[in-house]
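Biologist: Could you walk me through this model before I set anything up with it? I'd like to go through it piece by piece.

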Amino acid sequence: MADTLDALEAVIRERRTGDPASSYVAKLTAKGRAKIAQKLGEEATETVIAAIQDDRAGIVSEAADLLFHLAVLLADAGLGLDDVRAELARREGVSGIDEKASRHAD
Ligand SMILES: N=c1c2ncn([C@@H]3O[C@H](COP(=O)(O)OP(=O)(O)OP(=O)(O)O)[C@@H](O)[C@H]3O)c2ncn1[C@@H]1O[C@H](COP(=O)(O)O)[C@@H](O)[C@H]1O
């Protein structure tokens, strides 16, 4: 899975400046950050709908769309999956319950 996402990220970085007529990544990137963010939101909503309908195949399909569009957004922001991995690694072993409680400690 990590390899697939890394390969996808590499393709996205390469296609960003490609021909919008033949590349969806280039076409979406050319439309700008707001459009990329909008698409990400749409795919998130479609994932939510599939989840509520308990549509397992739909969840997988929409999650793939969601991860793809997230990777396009990260690339547009000059970020990458390694930045997200580092943040998740930083949180490793920190309970979400404890983390939330610590926000209200002071
Ligand atoms: N994983 C994906 C991937 N997932 C989803 N999509 C596209 O994302 C789009 C989202 O679907 P929508 O129906 O919402 O999009 P739309 O109707 O075109 O968009 P709007 O005009 O409505 O905004 C579709 O065109 C899908 O084909 C993807 N397009 C590309 N990839 C990967 O990116 C690589 C590079 O793609 P190109 O840039 O097209 O060469 C490909 O080889 C794939 O590996």
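Modeller: Let me begin at the end of helix 3, which is followed by Asp54, a residue whose phi is positive, near 55°. Please keep in mind throughout that this is a predicted model.

Biologist: Where does Asp54 sit, then?

Modeller: Asp54 is in the loop between helix 3 (33–52) and helix 4, and it has that positive phi of about 55° although it is not a glycine. As background, most residues other than glycine have a negative phi.

Biologist: Is Asp54 buried or exposed?

Modeller: Asp54 is exposed, because just 8 other C-beta atoms lie within 10 Å, and the cut-off for calling a residue exposed is 12 or fewer.

Biologist: And helix 3 itself, what span should it have, and what does it have?

Modeller: Helix 3 has 20 residues, which at 1.5 Å a residue should span 28 Å, and its end C-alpha atoms are 29 Å apart, so the two figures agree.

Biologist: What about helix 4, how far does that one reach?

Modeller: Helix 4 has 21 residues and reaches 30 Å from its first C-alpha to its last, which is close to the 30 Å expected at 1.5 Å a residue. After helix 4 comes Gly78, again with a positive phi, in this case near 75°.

Biologist: Which residues of helix 4 are buried?

Modeller: The buried residues of helix 4 are Glu62, Leu66, His69, Ala71, Val72 and Ala75.

Biologist: Glu62 catches my eye there. Why does Glu62 count as buried?

Modeller: Glu62, which lies in helix 4, counts as buried because it has 21 other C-beta atoms within 10 Å, where the cut-off is 20 or more. Leaving aside its neighbours within four places in sequence, Glu62 is in contact with Glu43, Glu46, Thr47 and Ala50.

Biologist: How far is Glu62 from Glu42?

Modeller: Glu62 and Glu42 are 20 residues apart in sequence, and their C-alpha atoms are 9.8 Å apart in space.

Biologist: Staying on that helix, what does Leu73 touch?

Modeller: Leu73, also found in helix 4, is in contact with Ile36, Ala37 and Leu40 once its neighbours within four places in sequence are left aside. Leu73 is partly exposed, because it has 18 other C-beta atoms within 10 Å, a count that falls between the cut-offs of 12 and 20. The C-alpha atoms of Leu73 and Gly41, which are 32 residues apart along the chain, are separated by 11 Å.

Biologist: OK, on to the core. Which residues make up the largest nonpolar one?

Modeller: The largest nonpolar core consists of seven residues, namely Ile12, Val25, Leu28, Ile36, Ala71, Val72 and Ala75. Two elements, helix 2 (24–31) and helix 4 (56–76), give two or more residues to this core, and helix 4 gives the most, with three residues.

Biologist: And what is Ala71 in contact with?

Modeller: Apart from its neighbours within four places in sequence, Ala71 is in contact with Leu8, Glu9, Ile12 and Leu81.

Biologist: Changing topic: which residues surround the ligand?

Modeller: The ligand is surrounded by Leu8, Val11, Arg15, Ser23, Tyr24, Val25, Ala26, Lys39, Asp65 and Phe68. The residues of this shell divide into six nonpolar, one polar and three charged. Helix 1 (2–15), helix 2 and helix 4 each supply at least two residues of the shell.

Biologist: What about Ser95, where is that one?

Modeller: Ser95 is in the loop between helix 5 (81–91) and helix 6 (96–103). Ser95 is exposed, because it has 10 other C-beta atoms within 10 Å. Ser95 and Leu67 are 28 residues apart in sequence and 24 Å apart in space, C-alpha to C-alpha.

Biologist: Last thing, the overall picture. How many helices and strands are there?

Modeller: The protein has six helices and zero strands. Its C-alpha trace spans about 50 × 35 × 30 Å along the principal axes, and its radius of gyration is 16 Å, whereas a compact globule of 106 residues would have one near 13 Å. Of the 106 residues, 12% count as buried. Among contacts between residues at least 6 apart in sequence, 45% join residues at least 24 apart.

Conventions. Residues are numbered from 1 along each chain as its sequence is written. This is a predicted model: local features need pLDDT of at least 70, side-chain atom pairs count only at pLDDT 80 or more; totals for chains, interfaces and linings use all residues. A nonpolar core is a set of buried Ala, Val, Leu, Ile, Met, Phe, Trp, Tyr and Cys residues joined through C-beta atoms within 7 Å. Helices (H or I, at least four residues) and strands (E, at least two) are DSSP runs, numbered from the N terminus. Two residues are in contact if their C-beta atoms, placed from the backbone, lie within 7 Å. The radius of gyration is taken over C-alpha atoms; the globule rule is 2.2 Å times the number of residues to the power 0.38. The expected span of a helix is 1.5 Å times one less than its number of residues. A residue is near a molecule or strand if its C-beta atom, placed from the backbone, lies within 6 Å of it. Ala, Val, Leu, Ile, Met, Phe, Trp, Tyr, Cys and Pro count as nonpolar, Asp, Glu, Lys and Arg as charged, and the others, Gly among them, as polar.
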